[in-house]
Amino acid sequence: MPSATFFHLPQAKQEKLLLAARAEFTQAAYDAASINRIIRRAGIPRGSFYMYFRDKEDLFRYLLEQDLRLAARVLEDNLEREGGDLFAAFRALFDHVASRWEEPRVQELAAVLRLNAGSQQGPLLRSISPPELMEPVLARIDRSRLSLRRKEDLEEMLEILLGVTLASLCAAACRDPEQVREHYLAKLDILSRGMSARQEIAKGV
């Protein structure tokens with residue numbers, strides 16, 4: 001999370017640094033990304049960078065969290081429209097992002113996901129999903145539509161769906177978007193109905 005010093009900067013200076021960081025992370029995977037290149041693009045001293053962010057990881061996570069906040073707001077709206085149906089809300093989220101595929105912010109996110117495809121999405125999503133970010137989403141989900149057995153189930157379902165959705169949106173940037181959407185909807189269907197046969201079906205009843 002940025003320091004208070006960063007937030008006290010004029011808006012233009014904040015944006016210049018964040019634009020420089022986005023440019024770097026869309027051109028290099030996280031491990032190869034360079035703070036030196038970021039500060040050169042931003043035109044700030046190295047010491048100033050560390051007054052704003054602890055390190056490269058702090059900056060990277062902040063940028064991803066900004067994108068996740070936008071997705072969370074879309075999910076909130078979708079859940080309101082879909083009467084709390086979690087799977088319908090994610091289908092609508094996929095279509096919302098896909099319809100804005102040419103927008104620079106969406107292109108940047110796709111590039112970051114592609115470059116870091118080897119990263120473990122679960123730990124990454126947990127690390128950039130503070131509880132206050134997801135609470136409005138969780139509050140709008142109709143739990144009666146879901147099979148919840150543990151108190152953690154709903155948050156973990158949300159994490160799984162975010163991971164599947166981000167991976168599919170990333171794939172849509174490289175392949176036929178309609179084909180990717182078809183596969184994405186098939187995955188949502190599997191997750192919705194579950195992968196284990198019901199006991200009565202398994203027994204041939």
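In this short talk I will go through two helix pairs, one lysine and the nonpolar cores of the structure shown above. Please keep in mind throughout that this is a predicted model.

Let me start with a general point, which is that two packed helices are described by the angle between their axes and the distance between those axes. Our first pair is helix 2, residues 11–25, with helix 5, residues 56–81, and here the axes lie 11 Å apart at an angle of about 95°. Since angles from 65 to 115 degrees count as roughly perpendicular, helix 2 and helix 5 are therefore roughly perpendicular to each other. If you look at where they touch, helix 2 brings Leu18, Ala21, Arg22 and Phe25, and these meet residues of helix 5 that include Leu59, Phe60, Tyr62 and Leu63. Sorted by class, this contact between helix 2 and helix 5 has seven nonpolar, one polar and three charged residues.

While we are in helix 2, let us pause at Lys16, which has its place there. Is Lys16 buried, exposed or partly exposed? With a relative accessible area of 46%, Lys16 is partly exposed, because that class lies between the 20% limit for buried and the 50% limit for exposed. Once its neighbours within four places in sequence are set aside, Lys16 is in contact with Arg41 and Ala42, and its C-alpha atom is separated by 9.9 Å from that of Ile39, which is 23 residues away along the chain.

The second pair is helix 6, residues 86–98, with helix 11, residues 177–193, whose axes come within 11 Å and cross at roughly 165°. Angles over 145 degrees count as roughly antiparallel, and helix 6 and helix 11 are therefore roughly antiparallel to each other. Their crossing is right-handed. Among the residues that meet are Phe87, Phe90 and Phe94 in helix 6 and Tyr184, Leu185 and Leu188 in helix 11, and by class the contact has eight nonpolar, one polar and three charged residues.

That brings me to the cores, and in soluble globular proteins nonpolar side chains tend to be buried together. The largest nonpolar core here has 33 residues, and Leu86, Phe90 and Met134 are among those that touch the most other members. Helix 10, residues 153–172, gives the largest share of this core, namely eight residues. Leu86, leaving aside its neighbours within four places in sequence, is in contact with Leu79, Ile141, Leu146, Leu158 and Leu161. There is also a second, separate core of 21 residues, which includes Leu17, Ala21, Tyr52 and Val112.

Notes
Residues are numbered from 1 along each chain as its sequence is written. This is a predicted model: local features need pLDDT of at least 70, side-chain atom pairs count only at pLDDT 80 or more; totals for chains, interfaces and linings use all residues. Side-chain values use heavy atoms; hydrogens and water are left out. Axes are lines fitted to C-alpha atoms, for helices over the stretch in contact, and angles run from 0 to 180 degrees between N-to-C directions. Helices (H or I, at least four residues) and strands (E, at least two) are DSSP runs, numbered from the N terminus. Angles under 35 degrees count as roughly parallel, over 145 as roughly antiparallel, 65 to 115 as roughly perpendicular and the rest as oblique. Contact means heavy atoms within 4.5 Å. Ala, Val, Leu, Ile, Met, Phe, Trp, Tyr, Cys and Pro count as nonpolar, Asp, Glu, Lys and Arg as charged, and the others, Gly among them, as polar. Buried means under 20% relative accessible area, exposed over 50%, partly exposed in between (1.4 Å probe, protein chains only). A crossing is left-handed if the near helix is turned anticlockwise from the far one by less than a right angle, and right-handed if clockwise. A nonpolar core is a set of buried Ala, Val, Leu, Ile, Met, Phe, Trp, Tyr and Cys residues joined through side-chain atoms within 4.5 Å.
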